[in-house]
Amino acid sequence: MKQTILMLSGSVIAVLVFCILFSLQQREIRQTKLDNARTEIMKEYMDSAFWNFEFKNQTDEEFVSYFEAAIKERISEEGEFHVFLYARDMAEGILSLKVTEEYSHLNGQTGKLESMGVVVLEEEEDI
């Protein structure tokens with residue numbers, strides 16, 4: 001009887017440890033995806049804005065909606081994304097923003113990830 005209780009207790013502990021490790025791994029994977037997607041979209045936007053007149057004249061609200069749609073398209077995970085624009089100056093070639101993602105864990109709790117970044121577009125000078 002004592003061995004049965006110890007085996008059941010050990011099994012429960014093993015399952016809990018597995019769930020904790022799985023949640024931590026999923027969080028790290030989500031963070032990596034969010035960071036990579038934010039970086040890629042910011043660089044693509046800045047490269048496009050250098051040549052595309054419409055991107056240069058976008059309002060901040062249009063940019064935020066564009067960025068949210070692009071990040072939802074890149075990251076196919078279920079989650080809610082919010083973009084906070086800190087600075088966007090197309091004349092100087094500066095873009096600074098923060099992306100937050102809210103998602104649900106396996107146990108039903110809500111998790112939150114943040115990814116911040118700055119892109120400065122540098123122009124080559126002809127000598």
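**Exercises on a three-stranded sheet**

Of the 11 residues of β2, 8 are buried (under 20% relative accessible area, 1.4 Å probe, protein chains only), so β2 is largely enclosed by the rest of the structure. The model is predicted: local features need pLDDT of at least 70, side-chain atom pairs count only at pLDDT 80 or more, and totals for chains, interfaces and linings use all residues. Residues are numbered from 1 along each chain as its sequence is written, and side-chain values use heavy atoms, with hydrogens and water left out.

**Exercise 1.** Determine the order of the strands in the sheet and identify those at its edges.

*Solution.* Step 1: strands are DSSP runs of E with at least two residues, and helices are runs of H or I with at least four, both numbered from the N terminus. Two strands pair if DSSP finds at least two bridges between them.
Step 2: the sheet is open, has 3 strands in the order β1-β2-β3, and pairs in the antiparallel sense.
Step 3: β1 and β3 (110-120) stand at the edges, each with a single partner strand, so one side of each lacks a neighbour in the sheet.
Step 4: from one strand to the next the twist averages 10°, with axes fitted as lines to C-alpha atoms and angles between N-to-C directions running from 0 to 180 degrees.

**Exercise 2.** Describe the pairing of β1 with β2 and the turn that joins them.

*Solution.* Step 1: β1 (residues 80-89) and β2 (residues 94-104) are antiparallel over 9 bridges.
Step 2: Phe84 has Lys98 as its bridge partner in β2, and Leu85 stands opposite Leu97.
Step 3: the hairpin has 4 residues between the strands, and Gly93 takes a positive phi near 80°.

**Exercise 3.** Describe the pairing of β2 with β3 and the helix that packs on the sheet.

*Solution.* Step 1: the antiparallel strands β2 and β3 are joined by 11 bridges.
Step 2: in β3, Glu114 stands opposite Thr100 and Ser115 opposite Val99.
Step 3: this hairpin has 5 residues between its strands, and Gly108 in the turn has a positive phi of about 95°.
Step 4: helix α3 (residues 60-74) packs on the sheet, touching β1 and β2 (contact: heavy atoms within 4.5 Å). The direction of α3 makes about 135° with that of β1, the helix axis being fitted over the stretch in contact.

**Exercise 4.** Is Leu21 buried or exposed, and in which helix is its place?

*Solution.* Step 1: Leu21 lies in helix α1 (residues 2-51).
Step 2: its relative accessible area is 53%, so Leu21 is exposed (over 50%).
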